[in-house]
Amino acid sequence: LDLTGIPREELEAAVLSMAHPKIKVMRKAPNSKDIADSHKFQINPGYTNPRAKVPIPTLSIKANKDPNKVDPAIFTLRRHQMDAAIVRIMKARKTMKHQELVAEVVKQLIARFKPKGTDIKKRIANLIDLEYLERDENERGLYHYKQ
């Protein structure tokens, strides 16, 4: 395995494709979908195919990544898009309640990505720190745009 220099995931996908039950170019012992170091592979001497080119279906490599995990560069771009959307909305409306603002940001950004409410809340807090927005003194869920 290490001598080939091929990454383990790619090698597993290629070898399992050739040991596929429909093709059986290779034999695998034990006959299962996963691969362990103790498993044995050998060329199937009984394999015949009238075609010169043998079609072998490729198996998709299982993604080890968490689908909810976002690349840091993409997350940075999304943060900027959320900031821009919040400032655009607040500049137009001047005063807005928290739930309305979150709903409007989601409505504007849904075409690009689905922003989480917690991320929007963090961006609002950041914009308050940067003095783009301010909270109402009497009602905490009300924001005002600072000019």
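In this predicted model, Glu104 turns out to be buried, with a relative accessible area of 16%; the cut-off for that label is under 20%. Glu104 sits in helix α3. Leaving aside residues up to four places away in sequence, Glu104 touches Ile89, Arg93 and Met96.

Glu104 has company on its helix. The buried residues of α3 also include His98, Leu101, Val102, Val105 and Leu109. They cover an arc of only 165° around the axis, so they end up on the same side of α3. That fits the usual geometry: an α-helix has 3.6 residues a turn, so residues three or four places apart point the same way. Turned away from the buried side is a face of α3 that carries the exposed residues Gln99 and Lys107. As for what covers the buried residues of α3, the list includes α2, β3, α4 and β5. The helix length checks out as well: at 1.5 Å a residue, the 12 residues of α3 should span 16 Å, and the end C-alpha atoms are 17 Å apart, which agrees.

Two of the buried α3 residues, Leu101 and Val105, turn up again in the largest nonpolar core. This core has 18 residues, and Leu101 and Val105 are among those with the most contacts inside it, along with Ile86, Met90, Ile120, Ile124 and Leu133. At least two core residues come from each of α2 (72-93), α3 (98-109), α4 (117-129) and β5 (142-145), with α2 giving the largest share, 6 residues. Such a grouping is in line with a general trend: in soluble globular proteins, nonpolar side chains tend to be buried together. Ile86 shows how the pieces meet. Not counting residues up to four places away in sequence, Ile86 touches Leu101, Val105, Ile120, Arg123, Ile124, Leu127 and Leu133.

Then there is the sheet. Three strands make up an open sheet in the order β3-β5-β4, with antiparallel pairing. β3 (95-97) and β4 (133-135) stand at the edges with a single partner strand each, so one side of each has no neighbour in the sheet. On average, neighbouring strands are turned by 30° against each other, direction ignored. Between β4 and β5, which run antiparallel, there are 3 bridges, and Glu134 stands opposite His144 in β5. Helix α4 lies across β4 and β5, running at about 100° to β4.

Terms used
Residues numbered from 1 in each chain as written. Predicted model: local features only at pLDDT ≥ 70, side-chain atom pairs only at ≥ 80, totals over all residues. Heavy atoms only, no water. Core = buried A, V, L, I, M, F, W, Y, C linked by side-chain atoms within 4.5 Å. Buried < 20%, exposed > 50% of the residue type's maximum accessible area, 1.4 Å probe, protein only. Helix = DSSP H or I, 4+ residues; strand = E, 2+ residues; numbered from the N terminus. Contact = heavy atoms within 4.5 Å. Pairing = 2+ DSSP bridges. Axes fitted to C-alpha atoms, helices over the stretch in contact; angles between N-to-C directions. Expected span 1.5 Å × (residues − 1). Arc of directions from axis to C-beta.
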